[in-house]
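Here are a few exercises to work through with the model open in your viewer. Try each task before you read the solution under it.

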Amino acid sequence: MFIFPWYALNDEIKIISNKQKDGQLELLRTDHMRYLKAPFAIHVMSGGQYKEKQNISFGGIIDGKKFTTKQESEGSNADGKVIFPEKWGIKIHQHDYYELMYVLEGDVEQQIEASTYVYKKGEGCFINRNTKHREISGKDFFVVYLCLSKEYIREMAETSRYTSGSIYRFLMSSMEQKTFYKKDYLYISPKYEERGIQQTYELFERMTRELIEKKPGYMHIFCGLVERLFGVFQNPELYQICYVAMNSSVEEQLFEKVKLLIEENPGKYTRQSLANELNYSGDYLNKVVKKFTGLTITRYCQKVLLKQAKLLLEEKGMSVSAVMEQMEFRNASHFYEIFKEEFGILPGECKKVHNQNV
C-alpha cells in the first residue's frame with residue numbers, strides 16, 4: 001500500500017491555514033518560477049477514482065508541518081478525467097531544480113513548452129530547470145514528483161561511484177554554463193514489463209517512508225534510493241529513455257532514440273531490429289544515422305561495440321578472449337583487424353598503453 005499523499009521538504013509555496021477544514025492547510029501557488037530550499041522533495045498528486053470524482057488532492061510536509069488540500073474541478077467528467085482550471089494556480093512554469101514526473105496510475109496530460117503530451121502508467125519525464133511546463137488534465141491519476149536541487153546533483157556527481165548512463169549525462173550536461181538556456185527533457189517509458197513499474201513503485205514508497213520516519217541516517221538512505229531509482233530507469237530490460245530537445249527536428253529526436261538504444265546495448269541491435277522496435281524502415285533509419293554520424297547503422301554499431309571492448313580491456317582489465325566472449329566476437333582475426341583499424345593498436349597492447357598514460 002502506497003503511503004503518500006504529498007511529502008515535501010521546504011518547497012517555496014504559500015501555505016494558508018484554514019481552521020474550518022479540520023486543521024488542514026491549503027496550498028496556493030502564484031509564482032511562475034518554483035523554488036526548492038532543500039536538497040530534494042517528493043510530491044504526489046491524485047484524482048479521479050483515487051479521490052472523489054470531482055476532486056484533485058495534494059499533500060505534503062512544509063517546515064515540519066503536514067498539509068493536505070483538495071480542489072473541486074468544474075471540468076470533471078464522469079469517466080474520471082479532471083481538468084485543472086487556471087484559477088488553481090497550475091500555470092505554465094519552470095523550476096530552479098530538476099523534476100522527475102512519474103505516473104503510477106491512470107494518465108496525465110502535460111504541456112511542455114508549446115507541445116502537449118499524455119503520459120500513461122509507467123511513463124514519465126525528467127525536466128530540465130529551463131523547460132517550462134504545466135499539468136493540463138488527468139484521468140484516474142496517481143502521479144509522483146521527485147524534485148532534486150542543482151546542489152544535490154552537483155554533490156552526487158562528485159561523491160557517487162555510479163554516475164554513468166543517460167540520466168546522469170542529461171543532468172551533468174545541463175549543469176554546464178553553455179547549456180544554461182537549453183530547453184530539454186528525458187522521456188521515460190516502460191518496456192511493457194510490470195517488473196520495472198513495480199520496482200519503481202517500491203522505491204518511491206521507501207523514499208517517502210524515510211522522509212516520514214526520519215530515523216538516523218535517513219538522508220543518506222534517501223540519496224541511495226535515488227541512485228537505485230536511476231539504475232532501474234537505465235536498465236534497458238525495464239525502461240527506454242529518450243532525450244528530447246525542444247528545438248530539435250523530428251530526425252534529431254529519432255537519431256537520439258537510435259543512439260540511445262545502440263549505446264546502451266552494445267552489440268544487441270542491427271539495422272532490422274532497430275527498424276522493428278522503432279517502426280521505421282531500415283533504409284530511413286540508415287539515412288538518419290548517416291546524416292548525423294557519417295556512418296551507416298552497421299558501422300556505427302560496430303564503432304560503439306569496439307569502444308565498449310576497449311573500455312573493458314583498459315578499465316576492467318579483462319583478457320582479450322574474455323572481452324571477445326562478452327561482446328560476442330566469434331572471429332578473432334576479424335576482431336583484431338577492426339580493433340586496430342579503429343584505435344591504431346592491437347587489443348593485447350591496449351592495457352599496456354593505458355597503464356603508461358595513467
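Contact here means heavy atoms within 4.5 Å. Keep in mind that this is a predicted model.

**Exercise 1. Find the buried residues of helix α1 and work out how they are arranged around its axis.**

Step 1. Go to helix α1, which covers residues 150-159. Buried means under 20% relative accessible area, and the residues of α1 that count as buried are Tyr152, Ile153 and Met156.

Step 2. Look down the axis of α1: the buried residues fall within an arc of 100°, so they line one face of the helix.

Step 3. Some background helps here. An α-helix has 3.6 residues a turn, so residues three or four places apart point the same way.

Step 4. Now, what do the buried residues of α1 pack against? Their partners include three strands by name, β4 (40-47), β9 (97-112) and β12 (133-149). Helices α2 (166-175) and α4 (218-233) are also packed against them.

**Exercise 2. Take the salt bridges of Glu194 and Arg209, and say where the partners sit in the chain.**

Step 1. For the cut-off, you want a side-chain nitrogen of Lys or Arg within 4 Å of a carboxyl oxygen of Asp or Glu. The structure holds 13 such salt bridges.

Step 2. Glu194 pairs with Lys121, with the closest N and O atoms 3.9 Å apart. This one ties together distant parts of the chain: Glu194 belongs to helix α3 (residues 194-213), while Lys121 is in the loop between β10 (115-120) and β11 (124-127), 73 residues apart.

Step 3. Check the accessibility. Glu194 counts as partly exposed because its relative accessibility is 45%, and Lys121 counts as partly exposed at 34%.

Step 4. Arg209 pairs with Glu213, again with the closest N and O atoms 3.9 Å apart. Both residues lie in helix α3, 4 residues apart, which is about one turn of the helix. Arg209 is partly exposed at 36% relative accessible area, and Glu213 is partly exposed at 38%.

**Exercise 3. Which parts of the chain does the pair Glu342 and Arg299 link, and which residues join into one network of salt bridges?**

Step 1. The side chains of Glu342 and Arg299 meet in a salt bridge, at 2.8 Å from N to O.

Step 2. Glu342 is in helix α10 (residues 332-343) and Arg299 in helix α8 (residues 297-314), so the pair links distant parts of the chain, 43 residues apart. Arg299 counts as partly exposed, at 26% relative accessibility.

Step 3. For the network, follow shared partners: salt bridges join Glu205, Arg209, Glu213 and Lys215 into one network.

Terms used:
Residues are numbered from 1 along each chain as its sequence is written. This is a predicted model: local features need pLDDT of at least 70, side-chain atom pairs count only at pLDDT 80 or more; totals for chains, interfaces and linings use all residues. Side-chain values use heavy atoms; hydrogens and water are left out. Buried means under 20% relative accessible area, exposed over 50%, partly exposed in between (1.4 Å probe, protein chains only). Helices (H or I, at least four residues) and strands (E, at least two) are DSSP runs, numbered from the N terminus. The arc is that of the directions from the helix axis to the C-beta atoms.
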